[in-house]
Structures are given as C-alpha cells and as structure tokens.
Amino acid sequence: MNVVLWVVAGLLAALYLAAGGMKLATPREKLLENPNMGWTADFSDAAVKGIGAVEILGAIGLILPWALDIAPVLTPLAATGLAVVQIGAIIVHARRKETKALPMNVVLLVLAAFVAVGRFAG
C-alpha cells in the first residue's frame, strides 16, 4: 500500500506543480485566452496567483515531509488541502456549467482523499 500511496502522491505532485506553475507564471489575460481556463474571468489576478501558489505548496507537501520524515503529518494535511481545492474547483466549474472539467476534478479529489486517508492511517 505504501508504494501505491507514493505513486499516487507523485502523480498528484507533478500535476499540481505544473498547474500551479502555469497559474503563477502566466499572466491572467493570457490564461483567459485558453478555453479551459475561462473560470479565471471570475477571479482577480491575485486570486489566480494565490490558487497557483496553494497548488505548488500542496504538491511540495505531498512529497517532502513524508520523504524526509520531517513533520510527516504535513503530507496528509497537504493532501486534504488539495482535496479542498478540488471541491472549490468542482463548485466553480459546475456554476459555470463547464461540465468537461468536472470528471478530472472528481478524479483529482478522489486521489487526494486517498492519499490523505492512507497517510493519516500510516
């Protein structure tokens, strides 16, 4: 089970590093041009950057605390935080009727919850 948790945490970390990095590095006006990022119209530039920062910090929190055995309780807390981010994303996409995004949000929510429960138990 530990190997499965590591694989899932690694995949989540890679996805959140990429997504968060894109939100931090790309100007909001450029994000608005992407049809998959239409939700950014509802948020300020600072909010979009904040979401990106949370995703990057969550990705780091999925790996480093558990790997280094330094405050390992931060790993399931990071996974829980990323699950909350996904709940917010699901709400935003549902309100905007962006149904294409919902399956991926649900998968990310389930995987983050899986890591949170697995690491809290272990």
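This report describes the helices, a surface patch, the salt bridges and some backbone features of a predicted model.

## Annotated spans and the helices

The UniProt record, an unreviewed entry, places the feature "transmembrane region" at residues 6-25, 46-68, 74-94 and 101-121. In the predicted model, the span 46-68 is 100% helix and 0% strand, with its end C-alpha atoms 32 Å apart. The span 74-94 is likewise 100% helix and 0% strand, and there the end C-alpha atoms lie 30 Å apart.

Two of the helices can be compared with the length expected from their residue counts. Helix H1 has 24 residues, which at 1.5 Å a residue should span 34 Å, and its end C-alpha atoms are 34 Å apart, in agreement with that expectation. For H4, the 22 residues should span 32 Å at the rise of 1.5 Å a residue, and the end C-alpha atoms are 31 Å apart, which also agrees.

## Buried faces of H1 and H4

The buried residues of H1 are Leu5, Val8, Ala9, Leu12, Ala13, Tyr16, Gly20 and Lys23, and they pack against helix H2 (28-33), H3, H4 and H5. An α-helix has 3.6 residues a turn, so residues three or four places apart point the same way.

In H4 the buried set consists of Thr75, Pro76, Ala78, Ala79, Leu82, Ala83, Gln86, Ala89, Val92 and His93. These buried residues pack against helix H1 (2-25), H3 and H5.

His93, which lies in helix H4 (residues 74-95), has a relative accessible area of 7% and is therefore buried, the cut-off being under 20%. What does His93 contact when its neighbours within four places in sequence are left aside? The residues in contact with His93 are then Trp39, Glu98, Ala101, Leu102 and Asn105.

## A nonpolar patch on the surface

Leu17, Leu57, Ile60, Leu64, Leu68 and Ile70 form a nonpolar patch on the surface, and together they have about 580 Å² of accessible area. Helix H3 (residues 45-68) provides the largest share of this patch, with four residues.

Leu64, one of the patch residues, is found in helix H3. Its relative accessibility is 42%, so Leu64 counts as partly exposed, a class that lies between the buried limit of 20% and the exposed limit of 50%.

## Salt bridges

A search of the whole structure finds four salt bridges. One of them joins the side chains of Glu33 and Lys30, with an N to O distance of 3.8 Å. Both residues lie in helix H2, three residues apart, which is about one turn of the helix, and both Glu33 and Lys30 are exposed.

Arg96 forms a salt bridge with Asp42, in which the closest N and O atoms are 3.0 Å apart. Because Arg96 lies in the loop between H4 and H5 and Asp42 in the loop between H2 and H3, this pair ties together parts that are 54 residues apart in sequence. Arg96 is partly exposed, with a relative accessible area of 30%, and Asp42 also counts as partly exposed, at 48% relative accessibility.

Arg96 forms a salt bridge with Glu98 as well, the closest N and O atoms being 2.7 Å apart. Through salt bridges that share partners, Asp42, Arg96 and Glu98 are joined into one network. Within this network Glu98 is buried, with a relative accessible area of 18%, and Glu98 is also among the contacts of His93.

## Positive phi in two loops

Most residues other than glycine have a negative phi. Which phi value does Ala71 take? The phi of Ala71 is near 50°, a positive value in a residue other than glycine. Ala71 is found in the loop between H3 and H4 and is partly exposed, with a relative accessible area of 38%.

Lys97 has a positive phi of about 60° although it is not a glycine, and this value occurs just after H4. Lys97 is placed in the loop between H4 and helix H5 (102-121). Is Lys97 buried or exposed? At 68% relative accessibility, Lys97 counts as exposed, since the limit for that class is over 50%.

Note on methods
Residues are numbered from 1 along each chain as its sequence is written. This is a predicted model: local features need pLDDT of at least 70, side-chain atom pairs count only at pLDDT 80 or more; totals for chains, interfaces and linings use all residues. Side-chain values use heavy atoms; hydrogens and water are left out. UniProt positions are given in the numbering used here, feature names are shortened, and annotations may be inferred rather than shown by experiment. Helices (H or I, at least four residues) and strands (E, at least two) are DSSP runs, numbered from the N terminus. Patches are made of residues with over 30% relative accessible area and no salt bridge: like charges are joined within 9 Å, nonpolar side chains (Val, Leu, Ile, Met, Phe, Trp, Tyr) within 5 Å. Accessible areas come from the Shrake-Rupley method with a 1.4 Å probe; for residues, only the protein chains shown count as cover. Buried means under 20% relative accessible area, exposed over 50%, partly exposed in between (1.4 Å probe, protein chains only). Contact means heavy atoms within 4.5 Å. The expected span of a helix is 1.5 Å times one less than its number of residues.
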